[in-house]
Amino acid sequence: MTATLGITEDQVFDAVWQTVTQFFAPAVLPPIFKGFQNMTATPAGVSYIVISPGIRVGQDQGRRDYDSVNGLQIIGQHRTYYYQVDCFGANGPVWADMLSAAWKSPWVADYATLNALPFTPLYADEVQQLNIVNSEDQYEQRFMTKLYVQFDQTVSLPQDFFSGAGVITIHPPADDLPV
């Protein structure tokens, strides 16, 4: 048996992605890209969003639980991830402000609960304007915010347990007892 991870970063990322898409009507859903992907070009001449994979921070040193029925030791830890969301183009400032404000609302927590998402939304940073220079030496608008989530991650490891122990009582012979 090998170690198994309870919730992966990909599962959390997909749930954050799903939540971000809910803020847009299907007819006006902007192009949304996962950051740091090889061979993926960003669109030219249109506004778009890039969500970068999470940066993880451990919130505790972990805790152990044991499952003797399945022969497992389960190590759990509270984790916080933040996802950097970059909004580019003319719509960038509006989208970044909307995402930052909405992520702080109870709506996101309710959405996560109703859809059994693997995280609890925490908060979002204030929007920062971080313009970039593109390959044509032209400034492009870039507005960035960070969306913070928390989840409990577990690792299950094989563990041997005693299923029973025979107890044998040994009685010394009566003539060996001290006087």
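Let me begin in the middle of this structure, where the largest nonpolar core has 30 residues, and where Ile49, Trp103 and Phe119 touch the most other members. This core is assembled from several elements, since H1, S3, S6, H2, H3 and S11 each supply at least two of its residues. Before going further I should say that what we are looking at is a predicted model, and I will keep to what can be read from it.

Let me stay for a moment with Phe119, one of the three residues I just named. If we leave aside residues up to four places away in sequence, Phe119 touches Val12, Ala15, Val16 and Thr19, and also Trp103, Ala112, Val149, Gln150 and Phe151.

Trp103 brings us to helix H2, which covers residues 92–103. At 1.5 Å a residue, the 12 residues of H2 should span 16 Å, and the end C-alpha atoms are indeed 16 Å apart, which agrees with that expectation. Which residues of H2 are buried? They are Gly92, Trp95, Ala96, Leu99, Ser100, Ala102 and Trp103. As background, an α-helix has 3.6 residues a turn, so residues three or four places apart point the same way. The buried residues of H2 pack against helix H1, which is 9–21, and strand S3, which is 48–51, as well as against S6, H3, S7 and S11. Ala101, which also lies in H2, is partly exposed, with a relative accessible area of 48%. The C-alpha atoms of Ala101 and Asp125 are separated by 9.1 Å, although the two residues are 24 residues apart along the chain.

From the helix I would like to turn to strand S3, which H2 packs against through its buried residues. Are the faces of S3 covered or open? Both faces are covered, with Tyr48 and Val50 on one side and Ile49 and Ile51 on the other, and all of these are buried. That arrangement can be read alongside a general point, namely that in a regular strand the side chains alternate between the two faces of the sheet. S3 is joined to strand S2, residues 32–34, by three bridges, and these two strands run parallel; within this pairing, Phe33 has Val50 in S3 as its bridge partner. S3 is also joined to S6, here by four bridges, and these two run antiparallel, with Tyr48 standing opposite Phe88 in S6.

Next come the charged pairs. How many salt bridges does a search of the whole structure find? The search finds four, and I will describe three of them, beginning with Asp86 and Arg142, whose closest N and O atoms are 3.0 Å apart. Asp86 lies in strand S6, residues 72–88, and Arg142 in strand S11, residues 142–158, so this pair ties together parts that are 56 residues apart in sequence. Asp86 is buried, with a relative accessible area of 5%, and Arg142, at 18% relative accessibility, also counts as buried because the cut-off is under 20%.

In another salt bridge, the side chains of Lys104 and Glu126 meet at 2.7 Å, N to O. This pair likewise links distant parts of the chain, with Lys104 in the loop between H2 and H3 and Glu126 in the loop between S7 and strand S8, 22 residues apart. Lys104 counts as partly exposed, at 40% relative accessibility, whereas Glu126 is exposed, with a relative accessible area of 57%.

Asp60 and Arg63 form a further salt bridge, with the closest N and O atoms 3.7 Å apart. Asp60 counts as partly exposed at 24% relative accessibility, and Arg63 is partly exposed as well, with a relative accessible area of 35%.

I will finish with two backbone details in loops. Most residues other than glycine have a negative phi. Ala116, however, has a positive phi, near 50°, and lies in the loop between helix H3, 106–114, and strand S7, 120–124. Asp137 is not a glycine either, yet has a positive phi of about 60°, and its place is in the loop between strand S9, 132–133, and strand S10, 139–140. Are these two residues buried or exposed? Ala116 counts as exposed at 67% relative accessibility, and Asp137 counts as exposed at 64%.

Definitions and conventions. Residues are numbered from 1 along each chain as its sequence is written. This is a predicted model: local features need pLDDT of at least 70, side-chain atom pairs count only at pLDDT 80 or more; totals for chains, interfaces and linings use all residues. Side-chain values use heavy atoms; hydrogens and water are left out. Buried means under 20% relative accessible area, exposed over 50%, partly exposed in between (1.4 Å probe, protein chains only). The expected span of a helix is 1.5 Å times one less than its number of residues. Contact means heavy atoms within 4.5 Å. Two strands pair if DSSP finds at least two bridges between them. A nonpolar core is a set of buried Ala, Val, Leu, Ile, Met, Phe, Trp, Tyr and Cys residues joined through side-chain atoms within 4.5 Å.
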